[in-house]
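Please take a look at the protein chain below. This report walks through its overall build, its helix packing and its charged pairs.

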Amino acid sequence: MTGTLGDWCFRHRRTVFLGWLLVVVAGVVAGSQVFGRLDTGRGGASSMESLQGYAVLDAAAEYGDQVVVLVDGAEVAAPATRAAVTAAADAARAVPGVGRVVTTYDAPQAGLAATDGLAQLIMVDLDKGPAKGARDAALAAVEKTFDALETALPGSTVRFGGSLLVFREVNEQVERDTRKGELLSLPVVLVVLVLIFGGLLAASLPLAGAVGAVTGTFAALFAFTFLMELNANVVSVGTVLALGLGIDYALLLVSRFREERGHGLDVQAAAHRMSATAGRTILFSGLTVATSLAGLFLFESVIYRAIAAAGVTVVVLSMLAALTLVPALLGVFGHRITAPTEPVSEDGVFARLARRVQRHPWAVVVSLLTVFLVVGFPFLRVQLGEAGAKLLPRSFESRQVADAIDTRFGDRGLDPVVVVARTDPAALTAYAGEIAGRDDVGSVGPVTELADGYVSVDVRPTSAEGAQDLVRDLRADDPGFETWVTGADALLVDFTDEIATRGPWALAF
């Protein structure tokens, strides 16, 4: 089958080349758009208790995204600081798209002043549900308004953070890293391939296969953004996988083509033999990898299914690029690729290695299993974390804001565990009083009334290490009314539990 496909592509090389050229153009255009369409969703499954609680909070929220402004280096209690910050806050409230601005002077009890008295946070809540363009315009106006504080308060610095800014900076960093990785890796790979093949033309064919796979991946990912939630992780995984498989598969084909030419076959016969043998290996390999990635569909979370859909598509595209584009290019340039002057030996390094392994199979199996267990042992102590500002380099503003909150604003650096309940405020207040007596609870906020008979309360743990245990304990409680325990740590608990329950099924698949 692969030999027949290779023959057809060899004979109809102009048609195949034109088709892949259109894929490359579509991928280049899509690549400039896909990062702007990445989703800010949490990526979990609708059955997760944390997401059900978030859904209640999001529906009841009066405002949308929140921007955190850090004003550092100006004494909070100084009259000049108060006047400048208050004026900037008033100006921000007048920005279209801004719903609310809260400073430490408006809410002294909110913990918005640093413990050293030299920094403060300003919370800017944007309107709920505006179009992306309107939201971005409001965000730009807010940044411009508060940037002026550096002039009004000499010696101070203003930085911006919050989930919206983190998402934007993560996407920008992934986009830059993806482009940088491709620009750096392709020339390096080209040099290595030139050394392997001894010629630039033969070395260029695997890169052509990789370019087809990568650009096709961008086009596919852009299409997926209209069907499901995609985040930066899906894009980075997809492009790296496409680059690796695209080069690997095409390299295998070109190597086999040169070997067959070394055995005396002409260009067309060598291309046929290449497709019939190495092509069959690539088909089997691609289908095996795609099937393995399909195991992620057994998870309920959107992010796993998105990686599965993107991964399977990337593998298929890489396989098609190798099986169709490489034979077509050989139809044009095959006669110019230098063939070995004598037949390639059938007794190479890997053949000798295989014979040694077969002579001592049990020793090899035991040795490799030992190495795998030693290398994999640290994974038993892996700690999952939220994909937030901590993943960014320290040079990013949102990371600097997050670090300052952790170290200088008391327990505000600890994400609260949020208890959402369907009951009256008095009942949740009584339950909150019981929670406050726990050793692992630092503080319990006031009860907030939500829409449709829901109420909520923030519970701050004494330490980040005990937050997930607190989540599990609160979920095990029975206060006499329906509750949902949510928050960042609750979401991590749900993801961890999903891996533990669904992972074995995916591995078995």
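Helices and strands here are DSSP runs, numbered from the N terminus, where a helix needs at least four residues and a strand at least two. Thr483 sits in one such strand, S9, which covers residues 482–486. Keep in mind that this is a predicted model.

## The chain as a whole

The chain has 17 helices and nine strands. Its C-alpha atoms fill a box of roughly 90 × 55 × 40 Å, taken along the principal axes. There are 509 residues in the chain, and buried ones make up 43% of them. Now look at contacts between residues with a separation of 6 or more. Of these, 75% join residues that are 24 or more positions apart.

## The nonpolar core

Which residues have the most contacts inside the largest nonpolar core? They are Leu253, Phe257, Ile282 and Leu330, in a core of 31 residues. Six helices each supply at least two residues of this core: H1 (2–11), H2 (13–34), H8, H9 (232–262), H10 and H11. H11 gives the most, with ten residues.

Phe257 shows what such a residue touches. Leave aside its neighbours within four places in sequence. Phe257 is then in contact with Val267, Ala270, Ala271, Met274, Leu330, Gly334 and Ile337. Leu330, one of these partners, is also on the list of residues with the most contacts inside the core.

## Two helix pairs

Two packed helices are described by the angle between their axes and the distance between the axes.

Start with H8 (residues 200–224) and H11. Their axes are 8 Å apart, and the helices pack at an angle of about 145°. The crossing is right-handed. On the H8 side, the contact residues include Leu201, Leu205, Ala208, Gly209 and Phe224. On the H11 side, they include Ala309, Thr313, Leu317, Leu330 and Phe333. What kinds of residue make up the contact of H8 with H11? There are 16 nonpolar, five polar and no charged residues.

Next come H3 (residues 49–60) and H17 (residues 488–508). Their axes come within 8 Å and cross at roughly 145°. Glu49, Ser50, Leu51 and Tyr54 in H3 meet Ala488, Ala490, Leu491 and Asp494 in H17. The contact of H3 with H17 divides into five nonpolar residues, one polar and two charged.

## Salt bridges

How many salt bridges does the structure hold? There are 18. Three of the pairs appear below.

| Pair | Closest N and O atoms | Separation in sequence |
|---|---|---|
| Arg100 and Asp125 | 2.8 Å | 25 residues |
| Asp116 and Arg408 | 3.0 Å | 292 residues |
| Glu300 and Arg502 | 3.4 Å | 202 residues |

Take Arg100 and Asp125, which form a salt bridge. Arg100 lies in strand S2 (residues 98–102) and Asp125 in strand S3 (residues 119–126), so the pair ties together parts that are 25 residues apart in sequence. Arg100 is partly exposed, with a relative accessible area of 38%. Asp125 counts as buried, because its relative accessibility is 4% and the cut-off for buried is under 20%.

Asp116 forms a salt bridge with Arg408. This pair links distant parts of the chain: Asp116 is in the loop between S2 and S3, and Arg408 is in helix H14 (residues 397–408). Asp116 is partly exposed, at 39% relative accessible area. Arg408 counts as buried, at 18% relative accessibility.

Glu300 and Arg502 also meet in a salt bridge through their side chains. Glu300 lies in the loop between H10 (267–294) and H11 (302–333), and Arg502 lies in H17, so the pair ties together parts that are 202 residues apart in sequence. Both ends are partly exposed: Glu300 is at 35% and Arg502 at 31%.

Some charged residues join in a network. Glu49, Arg475 and Asp494 are linked by salt bridges in this way. Glu49 and Asp494 are also among the residues where H3 meets H17.

## Back to Thr483

Is Thr483 buried or exposed? Thr483 counts as buried, because its relative accessibility is 19% and the cut-off is under 20%. Which residues does Thr483 touch, not counting those up to four places away in sequence? They are Glu49, Val419, Val420 and Ala421. Glu49 thus turns up again, as a contact of Thr483 and as a member of the salt-bridge network.

Technical notes:
Residues are numbered from 1 along each chain as its sequence is written. This is a predicted model: local features need pLDDT of at least 70, side-chain atom pairs count only at pLDDT 80 or more; totals for chains, interfaces and linings use all residues. Side-chain values use heavy atoms; hydrogens and water are left out. Axes are lines fitted to C-alpha atoms, for helices over the stretch in contact, and angles run from 0 to 180 degrees between N-to-C directions. Contact means heavy atoms within 4.5 Å. Ala, Val, Leu, Ile, Met, Phe, Trp, Tyr, Cys and Pro count as nonpolar, Asp, Glu, Lys and Arg as charged, and the others, Gly among them, as polar. A salt bridge is a side-chain nitrogen of Lys or Arg within 4 Å of a carboxyl oxygen of Asp or Glu. Buried means under 20% relative accessible area, exposed over 50%, partly exposed in between (1.4 Å probe, protein chains only). A crossing is left-handed if the near helix is turned anticlockwise from the far one by less than a right angle, and right-handed if clockwise. A nonpolar core is a set of buried Ala, Val, Leu, Ile, Met, Phe, Trp, Tyr and Cys residues joined through side-chain atoms within 4.5 Å.
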